[in-house]
Amino acid sequence: MPKIVDHDQRRKEIVEVTWRFIAREGIEKLNLRDLAAAAGYANGAFKPYFPTRDALLVATFNFVADATNRRIQKSASGLFGLEAIEAFAREVLPLDELRRSEARIAVHFWHLALGDPKLAEVNAATMDNWRALLDSWLGQMFSHEDTRVPMARDSMINFLMGAQVGSVLDATVNTVALLEQQLKYQLDLLATFNQ
């Protein structure tokens, strides 16, 4: 009797192995043959699921983005305004090993997306989602006509993305304690808008 394979589960397993590999080894070392061996699969076993390296990278970035977004949804549930923004930021900031690994994935992915419009579109979809979330929470704090809302939103996103890059490239300066202080500074700036 042939073995029944759960293809969705297999895709998920491959992506999980991939993001751990990239976080540990870097994207430059990623090739499907070595990845298959690391995952315990035969060479070529990934092809039916991810025919190209880019297809696997997109799925991996989406996996990380989806995991972050699920945490954001859970953490910010029932919160409003500044409290929701803080919960959101804490799920994106690399404040523990999981989120530092996710930051490594993001930084590697962004590097590739610089030269590939299709990969850039994948990142843009995540950023659009984050902008919508921040717009809703900022809208709870300020009038929607307040011209500072787009600036506050984009400043927060740029801070978070910069913190991810900084935690990967300059970890000694971007410690958890310093990132916490930087987040407090950003939140304090937002709080002054209502004064």
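These are my notebook entries on a few helix packings and single residues in a predicted model.

**Entry 1: helix 6 against helix 7**

I started with helix 6, residues 117-141, and helix 7, residues 148-169. Their axes come within 10 Å and cross at roughly 130°. That angle is neither under 35 degrees nor over 145, and it is outside 65 to 115, so I logged helix 6 and helix 7 as oblique to each other. I also looked up the hand of the crossing, and it is right-handed.

Next I listed who makes the contact. From helix 6 I have M127, W130, R131, L134, D135 and L138. Helix 7 puts in V149, A152, R153, D154, M156, I157 and M161. Sorted by class, this contact has 9 nonpolar and 4 charged residues, with no polar ones.

**Entry 2: helix 4 against helix 6**

Helix 6 has another partner on my list, helix 4, which spans residues 81-92. Here the axes come within 8 Å, and the crossing angle is roughly 155°. Since angles over 145 degrees count as roughly antiparallel, that is how I filed helix 4 and helix 6.

On the helix 4 side I noted G81, L82, A84, I85, F88 and V92. They meet W130, L134, W137, L138, Q140 and M141 in helix 6. The class count for this contact is 10 nonpolar and 2 polar residues, with no charged ones. Cross-checking my two lists, I find W130, L134 and L138 in the contact with helix 7, and I find W130, L134 and L138 in the contact with helix 4 too.

**Entry 3: L187**

I then went to L187, which sits in helix 8, residues 176-192. Is L187 buried or exposed? Its relative accessibility is 9%, and the cut-off for buried is under 20%, so L187 goes down as buried.

What does L187 touch, leaving aside neighbours within four places in sequence? I got L82, I85, E86 and M156. L82 and I85 were already in my notes from the helix 4 side of its contact with helix 6, and M156 from the helix 7 side of its contact with helix 6. I also took a C-alpha to C-alpha distance from L187 to A89: 9.7 Å in space, for 98 residues apart in sequence.

**Entry 4: R71 and R99**

Two arginines came next. R71 lies in helix 3, residues 53-76, and R99 lies in helix 5. How accessible is R71? I read a relative accessible area of 18% for R71, which makes it buried. R99 is buried as well, with 14%.

Not counting residues up to four places away in sequence, R71 touches E91, L98, R99 and E102. With that restriction again, the list for R99 is R71, R90, E91, L93 and P94. So R71 and R99 turn up in each other's lists, and E91 touches R71 and R99. I also noted that a polar atom of the R99 side chain lies 2.4 Å from the backbone oxygen of R90.

**Entry 5: E97**

Last stop was E97, in helix 5, residues 97-113. Its relative accessible area is 43%, so I logged E97 as partly exposed. Which side chains does the E97 side chain reach by polar contact? One is R100, at 3.3 Å, and another is R104, at 3.2 Å. For a longer-range check I took E97 to L57, C-alpha to C-alpha, and got 21 Å in space for 40 residues apart in sequence.

Notes:
Residues are numbered from 1 along each chain as its sequence is written. This is a predicted model: local features need pLDDT of at least 70, side-chain atom pairs count only at pLDDT 80 or more; totals for chains, interfaces and linings use all residues. Side-chain values use heavy atoms; hydrogens and water are left out. Axes are lines fitted to C-alpha atoms, for helices over the stretch in contact, and angles run from 0 to 180 degrees between N-to-C directions. Helices (H or I, at least four residues) and strands (E, at least two) are DSSP runs, numbered from the N terminus. A crossing is left-handed if the near helix is turned anticlockwise from the far one by less than a right angle, and right-handed if clockwise. Contact means heavy atoms within 4.5 Å. Ala, Val, Leu, Ile, Met, Phe, Trp, Tyr, Cys and Pro count as nonpolar, Asp, Glu, Lys and Arg as charged, and the others, Gly among them, as polar. Buried means under 20% relative accessible area, exposed over 50%, partly exposed in between (1.4 Å probe, protein chains only). A polar contact is a pair of N or O atoms within 3.5 Å; within protein, one must be able to donate a hydrogen and the other to accept it, and residues adjacent in sequence count only if both atoms are side-chain atoms.
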